[in-house]
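User: I am new to this structure and would like a close look at a single part of it. Please take one residue as the starting point, describe its surroundings with care, and then set it against the rest of the model.

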Amino acid sequence: MAIPFPFSAIVGQDEMKLAIQIVAIDPKVGGILALGDRGTGKSTAVRALADLLPPLQVVVGCSYGCDPASSAATCTDCASLKATGKRPKTATRPVPVVDLPLGASEDRVVGALDLEKALSQGIKAFSPGLLAQANRGFLYIDEVNLLEDHLVDLLIDVAASGENVVEREGLSVRHPARFVLVGSGNPEEGELRPQLLDRFGLSVEVRTPQDIDQRIAVIKRRDAFERDPQGFRDEWALQNQGLREHILKARKLLDKVKVGDDLLRLCAQLCQALGTDGLRAELTLMRACRSLAAMQGHKAATPTHLRAVAPMALRHRLRRNPLDDTGSGTRVERALTEVLGA
Amino acid sequence: MNLAWDDALWALAALHIDPVGMRGIWLRAPHGPVRDEWLSLLQHLRPNVRRLPNNIDSERLLGGLDLSATLSTGKPVTQAGLLAQSDQSLLLAPMAERMAPEAAAILGQVLDNGRVTPHGGGDTQDARLGLIALDEALEDEPCMSESLQERLGIWLDLRHLGRQETASDEILGLLGVLASPDEAADTERQTVFERLRTLRLNDEQIQAITQMAQAMGIASLRGPLACVRLACVLAALRESAAVEDVDLGRAARLCLTPRATQMPAPPEQEAPPEQPPEPPAEPPDDEPPPEDEPAPPDNEPPPPEQAPDSPEEDTPPQDLGEMLLEAALASLPPDVLAQLASTRATQIRGGGQSRSGEVRQSRSRGSPLPPRPGLPRQGARLHVLATLGHAAPRQKLRSPSAFAVSAQSLTPRLRIRAEDFHVHRYAERTQTCLIFAIDASGSAALHRLAEAKGAVELLLAQSYSRRDQVCVVGFRGSQAEVLLPPTKSLVRAKRSLAGLPGGGGTPLPHAIKLALELALQQRRLGVSPSLVMLCDGRANVSLQGSGGRAQALQESLSWANAWRTQGLPSIWIDTSARPEPQAEQIALAMGSRYVPLPQANSQRMAQVVQAAAR
């Protein structure tokens, strides 16, 4: 792995960092969509995400990194391992954060015929693609709005079902592909289809810091990092460690956090006021509230939490008139004031 | 001594010393003596710099299975890709403006990560490199992928240099040492690199660079970052113990000025404090002062608070900042503002999707379908994977040992027969681009410019759901102009429309000509264009911009003919109060569908176009 920029050393970008932490605590919140200009450090933040997450237990020899603890999720690899009768070995590895490059071929994304095996042994075998690599982790798409349509369709389907079904080149394979989708892009350059937008749990707007001191701080840290990546990481190791422990603690607390009916009612009212379709918005809101409460060490989610996460959770779900350029952020704010009172 | 050429050579030396730190260079220059000179110097410095062929596939770029070796040996042979092979070195990409989007995306990622994963999985390899991207795009052509531009540290534009430029002795001497054939060059490079490790910018210098970037409207922080790094490299090259102003100035000229989206006010010798607030009041006048002219407002991404920033910066005298600014401005060619506007405009075009034009058209048009058995002929490409996949399981059956052992069969090789051949198939999903030509002349404005705008808005909403591109041409007064280059961003389309004023003559010939040029350009990019003309047909301004109904009509008809001969679809919506014979005449010449709309409303217009577009 290339050495990523330490998460705790990221300057500013508060909303983005909050969203990442919420998702790190509860991946069920769904993915993150980061919108903003180039060079604002979106991808830095995303790639630093692995810092926050405790390593995973995986089955050795499974291309999909299945969890040894779960018996339900069986992929073909695990099934064949099981068939040998031996207890599978386990290993720890960091949570995968997989980059999906723009313009990636379908082969690379879904996987393809394993040429090596085909040529050397004449065996028809499946060589897993990026979706397999991203299982149980994060799939990061930079410039998601420029993604080719056929890849978008594919991702929508896999993201919804948590399973990648490959029926091509004479292969017939299905494997688990449960990942959190993280996208970034510049909305000025093209718009996203509503179906894909809906797949993202939270959306954040990233701007370059306008404050000159912050900008200077960014440049200094980045420069120090580029000069000596490992040294810089070591410097921040303690902070990162603290952050990770915090996330772990929050994860433990997560199940104990209560989300009362009053709050659910507020969520529903909010969604109704904004006219979002489907129940996904409410679910995301509820989960994000819970996650944030856990992060702050609260036992119950409150309207304060709701107010903090609502813009992130709803901004991209508003039924959008393509010609209406009033920011959806303001519309959410308005609805919030309406529902929650000033 | 020519400053630009001198800078170009410093950039070259810096790239040679620290390819990884600089990430590379975006070099804009036509194929010519200037660029050749630069490249030959590069050749001297790094005799074996790798070239990136334009038609490279991701397999070769990333590494993976070496097909030919695998086929000949019968064993899997993996091969490092071009990126891994260029680790710690430079990679030369000629004709970067035509680079396939796939390759550009991969390069961008590698420049960010410094790691590459071979095709088909496997261990990641180091690929920390600097990219030399040669961009030959002309003024009005789309240039290299924006996300790739962004990642390259140095931006250099040699388009305005003459052939016999001279540089300072300092850099020429330095290049001489670095390029000497013996080991001295290597040691020199090492020493410079070692020196680089110890060099740092002080806080004041970093602050100056950051402030300047902000004043120039550079939102991205990659620009100032590259500038910081380059300043250190330049100081190391000069064997200086600390980074000095001359390094900062040079670095700013190479990293910041070319990225500017707005011009900071040049430092004035004795700036009276009242002066900065004054210019904003002036622009309505006929000639705004040049330093105050920002790029066109629609294309301006940087936040609005930039403007109050620069005057504020002028008030406290900041020596270093001003010095830097002066140094940076020194490198500006006189027509920089016009250029600025044109680069912004060209960059927007295409949205990065159909950059590589015809290559892409024939290679992978539409979404891929599963390959099907067939022979690779008539332009169909062999699908190697599928072919091998088909042949692989049959190898044992086809093994000659079952029948006879000949001398040839001692070398194990794959037995592929014609029946194994598979070819690529693609689902044609042609993108469409709707060109709206809107008559905003006095006669139209009087009647129903507002209605036309409304109709276009409705159409835009429809094209949004089909994800068409749209493009708006407005014409009034003496000429037509492209208000909005093809885009998918409808918010921008709407904005450009709202800003369209009415009044003046009807330069119809120019409008048709412009629409035709746009349409042909789009067609070259693999997009199918169609035109929606909203006009009353009362052409009264000729191509030269002079009045005269007869000539304007004549020219309109001949351009209309040109449109028809290209076989391009169009719809003519007559916006006059009652059907206008002249409009029908021109529409007929264009081969367009003529729709008179005496009692039009926006809804109705939109319905007509929608029906016709089907």
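Analyst: The side chain of K42(A) reaches the backbone oxygen of G36(A), at a distance of 3.0 Å, in what is a predicted model. K42(A) belongs to helix 2 of chain A, which covers residues 42-47. With a relative accessible area of 8%, K42(A) is buried, because buried means under 20%. Leaving out residues up to four places away in sequence, K42(A) touches Q13(A), M16(A), A34(A), L35(A), G36(A), D37(A), Y140(A), S184(A), G185(A) and V206(A). One of these partners, Q13(A), lies 29 residues from K42(A) along the chain, and the C-alpha atoms of the two are separated by 8.9 Å.

V206(A), which K42(A) touches, leads on to the nonpolar cores. The largest nonpolar core has 71 residues, and those that touch the most other members are W5(B), W38(B), L158(B), L201(B), L230(B), L237(B) and L256(B). Helix 12 of chain B, residues 222-237, gives this core its largest share, 12 residues. Apart from that core lies another, of 67 residues, and V206(A) is among its members, as are F225(A), L292(A) and A293(A). On the chain B side, L256(B) is in contact with I209(B), M212(B), A213(B), M216(B), I218(B), G223(B), P224(B), C227(B) and A251(B), once its neighbours within four places in sequence are left aside.

F225(A) also takes part in the aromatic pairs, of which a search of the whole structure finds 5 over all chains. In one of them, the rings of F5(A) and F225(A) have their centres 5.1 Å apart and their planes at 80°, so the pair is edge-to-face. This pair links distant parts of the chain, since F5(A) lies in the segment before helix 1 (14-25) of chain A while F225(A) lies in helix 9 (residues 212-227) of chain A, 220 residues apart. F5(A) counts as buried at 9% relative accessibility, and F225(A) counts as buried at 6%. In another pair, the ring centres of F232(A) and W236(A) are 6.1 Å apart and the planes stand at 50°, so the pair is tilted. Both F232(A) and W236(A) lie in helix 10 of chain A (residues 229-254), where they are 4 residues apart, about one turn of the helix. F232(A) is buried, with 4% relative accessibility, and W236(A) is buried as well, with a relative accessible area of 14%. F5(A), F225(A), F232(A) and W236(A) form one aromatic cluster.

For the wider setting, chain B has 614 residues, of which 53% count as buried, and it contains 25 helices and 17 strands. Among the contacts in chain B with a separation of 6 or more, 77% are between residues 24 or more positions apart. Chain B exposes about 26700 Å², with carbon and sulfur atoms supplying 52% of that area.

Finally, a word on confidence. The predictor gives the complex an ipTM of 0.80 and a pTM of 0.69. Chain B has a mean pLDDT of 74, and 70% of its residues reach 70 or more. Over residues 267-318 of chain B, however, the pLDDT is below 50, although the model has 42 contacts for this stretch beyond near neighbours in sequence. Residues 332-365 of chain B also stay under 50, and for them the model has 89 contacts beyond four places in sequence. Where pLDDT is low, the predicted coordinates should not be read in detail.

How values were computed:
Residues are numbered from 1 along each chain as its sequence is written. Chains are lettered from A and ligands numbered from 1 in the order in which they are written. Side-chain values use heavy atoms; hydrogens and water are left out. Helices (H or I, at least four residues) and strands (E, at least two) are DSSP runs, numbered from the N terminus. Buried means under 20% relative accessible area, exposed over 50%, partly exposed in between (1.4 Å probe, protein chains only). Contact means heavy atoms within 4.5 Å. A polar contact is a pair of N or O atoms within 3.5 Å; within protein, one must be able to donate a hydrogen and the other to accept it, and residues adjacent in sequence count only if both atoms are side-chain atoms. pLDDT is the predictor's confidence in each residue, from 0 to 100. A nonpolar core is a set of buried Ala, Val, Leu, Ile, Met, Phe, Trp, Tyr and Cys residues joined through side-chain atoms within 4.5 Å. Rings of Phe, Tyr and Trp (its six-membered ring) pair if their centres lie within 6.5 Å; planes under 30 degrees apart count as stacked, over 60 as edge-to-face and the rest as tilted. Accessible areas come from the Shrake-Rupley method with a 1.4 Å probe; for residues, only the protein chains shown count as cover.
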